[in-house]
Amino acid sequence: MFERPDVGERAVLVHIEFSSHGESEDLGEFGELVTSAGVEAVATVTGSRNQPSTRFFVGKGKLEEVRQAVEESGADVVLFNHALSPSQERNVERELKCRVLDRTGVILDIFAQRARTHEGKLQVELAQLEHMSTRLIRGWTHLERQKGGIGLRGPGETQLETDRRLLRARIKSIHQRLEKVRRQRDQGRRARKRADIPTVSLVGYTNAGKSTLFNYITTSSVYAADQLFATLDPTLRRLELPDIGPVVVADTVGFIRHLPHKLVEAFRATLEETSEASLLLHVVDCFDDRRDENMAQVEDVLLEIGAEEVPVLQVFNKIDLLTDFKPRVERNEEGVPVRVWVSAVTGAGIPELFDAIVERLAEDVIHQFVVLGPADAKLRALLHQSGSVLSEQQHDTGDTVVEVRIQSRDWFQLLSRAGVKADSIRFDHA
């Protein structure tokens, strides 16, 4: 129903620094966003103010400067590196007599171009419609009220009200379809949990190299490009890891500074893959000047989607851009891997990454030598049946020492089925 808006091919960018705002947007990143949208930036207007103007967001002098830039460059659209209110967008459009989009509109336009799957298109359409519903007054102010009632008595619905009603109906329909998608994803996750298959989800700032890393470790061919939001649709691949067995790896949409809240809401079904994961690989572009700020933004979004409790392994990517830098694993005070330095392009550090993932996923694995007496025959049989026995040795005393490697949850389930209390188990520490 909803195609990407015609934003034009040539744009004037507007970026204002506000002394009253704690954190400003990054002009360089906005330029990358605009390029990702397939638009050529022909001029950039910058300035500074204490706070935004209520009517035009910028002052009248700056607005005149933007108008001149549009006329001189023959631009089709003006793109603001800020969030504009519907009235500000409308007022600026009326003054400049050309299309105006704010930062959220540009991100939505990129998402509309990149969505490939049915689910992705639904999510983008929902975000677009909800963003558009507050801006509907444009273009319809000239229409009189339609006549209403059987005898055409009195005023009826305005065209604006009709549009809002149709939009509400469409938004409700998409919500229902996305709810169905969410239930299907829940079923898939429950099936993986029953089969005891861990999920490793890649998260990170947009263009950190998640898809390139995903392709390298899963030998897939997911679309990857040096541009913002190359990945929109979540992709799952199965991977075999030593000592762990099958693992599901999920590639997700990248995060960005001040990601529009409506987009987070629309992509909630996709992002639930992240909040339900066994381990998050937080992929970081170690060559980026704003690395620490980008990491903080990702952590903010993880908090917003309820994934702050999921264990995280940081993956510092793009070490091939650093001079004479060797891959390495950094550990915390307990000796647990917390950060791996890799290059998804050259493959440097990937073996160390696999070892770190295995180590982090194995934190919940019991690896012990268990002493079983003749009375523990049922437990011994269940351990063999589950494939958890690595070796077995008979003692002269009649006891059997069994080397066991098993998920702790499965261990306690087997003990329960065998009718054995956990505190009665003997371990051989020799």
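Here is a short walk through the structure, from the whole chain down to a few side chains. Please keep in mind that this is a predicted model.

Let us start with the overall picture. The chain has 430 residues, and 50% of them count as buried. Its secondary structure comprises 13 helices and 15 strands. If you look at contacts with a sequence separation of 6 or more, 70% of them involve residues 24 or more positions apart. On the outside, the chain exposes about 21600 Å², with carbon and sulfur atoms supplying 49% of that area.

Now to the charged pairs. The structure holds 14 salt bridges. A good one to look up is the bridge between Arg 67 and Glu 95, whose closest N and O atoms are 3.9 Å apart. Arg 67 sits in helix 2 (residues 60–73) and Glu 95 in helix 3 (residues 86–96), so this pair ties together parts that are 28 residues apart in sequence. Arg 67 is partly exposed, at 22% relative accessibility, and Glu 95 is partly exposed as well, at 29%.

Two further salt bridges are worth a visit. Glu 93 pairs with Arg 99, with 3.4 Å between the closest N and O atoms. Here Glu 93 counts as buried because its relative accessibility is 14%, and the cut-off for buried is under 20%. Its partner Arg 99, in contrast, is partly exposed, with a relative accessible area of 26%. Elsewhere, Glu 330 and Arg 328 form a salt bridge whose closest N and O atoms are 3.1 Å apart. Glu 330 is partly exposed at 21% relative accessibility, and Arg 328 is partly exposed with a relative accessible area of 37%. Salt bridges with shared partners also join Glu 64, Arg 67 and Glu 95 into one network, which brings us back to the Arg 67 and Glu 95 pair.

Next, turn to helix 5 (residues 118–133), where you will find Glu 125. This residue is buried, with a relative accessible area of 7%. The Glu 125 side chain makes a polar contact with the side chain of Arg 170, at 2.7 Å.

Our last stop is helix 12 (residues 377–385), which contains Ala 381. Ala 381 counts as partly exposed because its relative accessibility is 44%, while exposed would require over 50%. From Ala 381 you can look across to Ala 418: the two residues are 37 residues apart along the chain, and their C-alpha atoms are separated by 9.3 Å.

Notes:
Residues are numbered from 1 along each chain as its sequence is written. This is a predicted model: local features need pLDDT of at least 70, side-chain atom pairs count only at pLDDT 80 or more; totals for chains, interfaces and linings use all residues. Side-chain values use heavy atoms; hydrogens and water are left out. Helices (H or I, at least four residues) and strands (E, at least two) are DSSP runs, numbered from the N terminus. Buried means under 20% relative accessible area, exposed over 50%, partly exposed in between (1.4 Å probe, protein chains only). A polar contact is a pair of N or O atoms within 3.5 Å; within protein, one must be able to donate a hydrogen and the other to accept it, and residues adjacent in sequence count only if both atoms are side-chain atoms. Contact means heavy atoms within 4.5 Å. Accessible areas come from the Shrake-Rupley method with a 1.4 Å probe; for residues, only the protein chains shown count as cover. A salt bridge is a side-chain nitrogen of Lys or Arg within 4 Å of a carboxyl oxygen of Asp or Glu.
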